[in-house]
Amino acid sequence: MSGREDNTGPRPTDPEGHRTPGGRRAVRLDARTPGPVSSFIRFVVCGGGVTLLSSWALVLLDAAMSLVLANALVTAAGTLLVNELHGRVSFKSDRRGWRMHGESTLTALGAYLVTTGAMLTLHHLVVHPSALLDQSVYILASGVAGTCRFLVLRLVVFGRHGRRGGRESVVLAA
């Protein structure tokens with residue numbers, strides 16, 4: 001041979017039959033998978049709805065038990081509910097089970113760590129921040145953490161449609 005590679009063999013393609021960058025196999029999304037904007041809107045509505053429901057439940061339970069126990073129960077129930085809603089409504093995934101809940105909960109823990117870190121940093125840098133500064137930093141950190149959580153849930157946790165076993169590459173086009 002002339003020392004050149006044989007390019008006549010089959011190469012990985014995307015769902016429309018196009019070659020993918022680097023010859024990686026594209027993940028074929030289910031036809032019912034909502035687009036990123038639609039998923040994000042659903043993500044915000046589901047998360048916000050569960051947060052409002054949780055705050056209402058916390059007020060009711062606080063009258064019957066200690067705030068710490070009430071908050072733990074509401075947080076656990078709210079996390080399980082929002083994980084199911086994100087899977088079924090936000091991302092229309094068929095993925096179920098404890099592994100999905102564990103992975104989703106880890107993203108919530110990551111968001112908690114980001115917001116807590118932002119608030120601790122603020123209080124380290126500013127001895128007595130105003131309520132407006134406190135809320136601004138918290139809302140900004142929550143927005144960043146929520147956006148990152150959305151991306152991880154969409155691309156990693158619920159982005160493995162039809163997967164049984166081995167890992168598939170996610171190919172992103174800019």
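Biologist: Let's start with two helices side by side. Which residues in α3 meet α4, and which residues in α4 do they meet?

Modeller: Good place to begin, and keep in mind that this is a predicted model. From α3 come M100, E103, S104, T107, A108, A111, V114, T115, A118, M119, L122 and H123. Facing them in α4 are L133, D134, V137, Y138, A141, S142, A145, R149, V152, L153 and V157. Sorted by class, this contact of α3 with α4 has 15 nonpolar, 5 polar and 3 charged residues.

Biologist: Why do the residue numbers on a helix face come in such jumps?

Modeller: An α-helix has 3.6 residues a turn, so residues three or four places apart point the same way. Now look again at α3: its contact list includes T107, A111, V114 and A118.

Biologist: And how do I describe the way two helices lie together?

Modeller: In general, you give the angle between the axes of the packed helices and the distance between those axes. Here α3 and α4 have axes 9 Å apart and an angle of about 155°. Angles over 145 degrees count as roughly antiparallel, so α3 and α4 are roughly antiparallel to each other. Their crossing is right-handed.

Biologist: What about α1 and α4, at what angle do they cross?

Modeller: Helix α1 spans residues 36–62, and its axis crosses that of α4 at roughly 120°, coming within 11 Å. That angle makes α1 and α4 oblique to each other. This crossing is right-handed too. By class, the α1 contact with α4 has 5 nonpolar, 2 polar and 2 charged residues. The α1 side consists of P36, S39, F40 and F43, and the α4 side of G146, R149, F150, L153 and R154.

Biologist: Let me step back. How many helices and how many strands does the chain have?

Modeller: There are 4 helices and 0 strands, so along the sequence you read the pattern α-α-α-α. Contacts tell you about the fold as well. Take those with a sequence separation of 6 or more: 61% of them join residues 24 or more positions apart.

Biologist: What share of the residues is buried?

Modeller: Of the 174 residues in the chain, 26% are buried. Going helix by helix helps. In α2, the buried ones are A70, V74, G78, T79, V82, N83, H86, G87 and S90, and they pack against α1, α3 and α4. In α4, you find D134, A141, A145, R149, F150, L153, R154 and V157 buried, with α1, α2 and α3 among what covers them.

Biologist: Which residues make up the largest nonpolar core?

Modeller: It has 7 residues: F43, F91, M100, F150, L153, V157 and F158. Helix α4, residues 131–157, gives the most to this core, with 3 residues. Try clicking on L153. Beyond its neighbours up to four places away in sequence, L153 touches F43, H86, F91, S104, T107, F158 and G159.

Biologist: Is E84 buried, partly exposed or exposed, and what is it in contact with?

Modeller: E84 belongs to helix α2, residues 67–90. Its relative accessible area is 21%, which makes it partly exposed; the buried class stops under 20%. Apart from neighbours within four places in sequence, E84 is in contact with R96, M100 and H101. From E84 to M100 the C-alpha distance is 9.0 Å, with their positions 16 residues apart in sequence.

Biologist: And where is V45, and is it buried or exposed?

Modeller: V45 sits in helix α1. With a relative accessibility of 57%, V45 counts as exposed. Its C-alpha atom is 9.8 Å from that of H86, although V45 and H86 are 41 residues apart along the chain.

Biologist: One last feature: what is the phi of K92?

Modeller: Phi is a backbone angle you can look up for a residue, and for K92 it is near 45°, a positive value in a residue other than glycine. K92 comes just after α2, in the loop between α2 and α3. With 27% relative accessibility, K92 is partly exposed.

Methods. Residues numbered from 1 in each chain as written. Predicted model: local features only at pLDDT ≥ 70, side-chain atom pairs only at ≥ 80, totals over all residues. Heavy atoms only, no water. Core = buried A, V, L, I, M, F, W, Y, C linked by side-chain atoms within 4.5 Å. Buried < 20%, exposed > 50% of the residue type's maximum accessible area, 1.4 Å probe, protein only. Contact = heavy atoms within 4.5 Å. Axes fitted to C-alpha atoms, helices over the stretch in contact; angles between N-to-C directions. Parallel < 35°, antiparallel > 145°, perpendicular 65-115°, else oblique. Left-handed = near helix turned anticlockwise from the far one by under 90°. Nonpolar A, V, L, I, M, F, W, Y, C, P; charged D, E, K, R; others polar.
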